[in-house]
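This report describes the chain shown below, from its overall fold to individual residues. Terms are explained where they are introduced.

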Amino acid sequence: QVQLVESGGGLVQAGGSLRLSCVVSGRTDTLYTTAWFRQAAGEEREFLAVKRWRASDTYYADSVKGRFTISADDALNTVYLQLNNLKPEDTANYYCGASKGSYYNYDYYGQGTQVTVSP
């Protein structure tokens with residue numbers, strides 16, 4: 001099993017920045033990718049970015065490319081999502097996922113951290 005715990009969300013004004021963290025624990029040796037998603041109230045889950053576990057490959061959704069950056073500290077088993085130039089429409093619950101063998105299907109999810117962007 002793998003556990004994912006997010007932190008770093010909060011209230012920020014439009015144009016501001018936040019860095020979200022996702023601490024990964026358990027059977028991390030089984031992981032292939034970790035990713036960030038978000039879900040706004042009343043909407044479906046949206047993929048944001050994915051990174052190969054213990055490698056440098058990254059991919060982004062077009063909607064956040066250039067504003068959000070996924071990275072990791074392998075020694076800390078932590079994956080980050082840097083959010084820049086935030087907009088009110090970025091308001092959502094942000095959570096991370098982990099996959100044992102895919103860029104598209106995820107086996108584990110965290111509970112998320114709320115990001116609220118005021119105008």
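## Basis and terms

A residue is called buried under 20% relative accessible area, exposed over 50%, and partly exposed in between, with a 1.4 Å probe and protein chains only. By that rule Ser7, with a relative accessible area of 38%, is partly exposed.

The model is predicted: local features need pLDDT of at least 70 and side-chain atom pairs count only at pLDDT 80 or more, while totals for chains, interfaces and linings use all residues. Residues are numbered from 1 along each chain as its sequence is written, and side-chain values use heavy atoms, with hydrogens and water left out.

## Overall architecture

The chain contains eleven strands and zero helices; these elements are DSSP runs numbered from the N terminus, with helices being H or I of at least four residues and strands E of at least two. The order along the sequence is β-β-β-β-β-β-β-β-β-β-β.

The radius of gyration of the chain is 13 Å, which agrees with the value near 14 Å for a compact globule of 119 residues. This radius is taken over C-alpha atoms, and the globule rule is 2.2 Å times the number of residues to the power 0.38. Along the principal axes, the C-alpha atoms fill a box of roughly 40 × 25 × 25 Å.

## Burial, contacts and charge

Buried residues make up 43% of the 119 in the chain. The exposed area is about 6100 Å², of which carbon and sulfur atoms supply 45%; accessible areas come from the Shrake-Rupley method with a 1.4 Å probe, and for residues only the protein chains shown count as cover.

Among contacts in the chain with a separation of 6 or more, 53% join residues 24 or more positions apart, where contact means heavy atoms within 4.5 Å. The side chains include 11 positive and 12 negative ones, and the centres of the two sets lie 4 Å apart. Lys and Arg count as positive and Asp and Glu as negative, without His and the chain ends; each charge is placed at NZ of Lys, CZ of Arg, CG of Asp or CD of Glu.

## Strand 1 and its partners

Strand 1 spans residues 2–7 and includes Ser7. Beyond four places in sequence, Ser7 touches Arg19, Leu20, Ser21 and Thr113. Its C-alpha atom is 9.8 Å from that of Gln111, 104 residues away along the chain.

Glu6 also belongs to strand 1. With a relative accessible area of 9%, Glu6 is buried. The contacts of Glu6 beyond four places in sequence include Ser21, Cys22, Trp36, Tyr95, Cys96 and Gln111. The C-alpha atoms of Glu6 and Cys96 are separated by 7.1 Å, with their positions 90 residues apart along the chain.

## Strand 3

Ser21 is found in strand 3, residues 18–26, and is buried at 14% relative accessibility. Outside its neighbours within four places, Ser21 is in contact with Val5, Glu6, Ser7, Trp36, Thr78, Val79 and Tyr80.

Leu18 lies in strand 3 and is likewise buried, at 16% relative accessibility. Among the residues touched by Leu18 beyond four places in sequence are Gly8, Val12, Leu81, Gln82, Leu86 and Val115. Leu18 and Gln82 are 64 residues apart along the chain, and their C-alpha atoms are separated by 6.1 Å.

## Aromatic pairs

The whole structure holds seven aromatic pairs. Rings of Phe, Tyr and Trp (its six-membered ring) pair if their centres lie within 6.5 Å; planes under 30 degrees apart are stacked, over 60 edge-to-face and the rest tilted. Tyr95 and Tyr109 form an edge-to-face pair because their ring centres are 5.9 Å apart and their planes stand at 65 degrees. Tyr95 is in strand 9 (residues 92–99) and Tyr109 in strand 10 (residues 108–109), so the pair ties together parts 14 residues apart in sequence.

Tyr95 counts as buried at 8% relative accessibility, whereas Tyr109 counts as partly exposed at 32%. Ring pairs link both residues with Phe37, Phe47 and Tyr106 into a cluster.

## Positive phi in two loops

Asn77 has a phi near 50 degrees, a positive value in a residue other than glycine. Asn77 is placed in the loop between strand 7 (68–73) and strand 8 (78–83).

Asn85 has a positive phi of about 50 degrees, although it is not a glycine. Asn85 sits in the loop between strand 8 and strand 9 and is partly exposed, with a relative accessible area of 43%.
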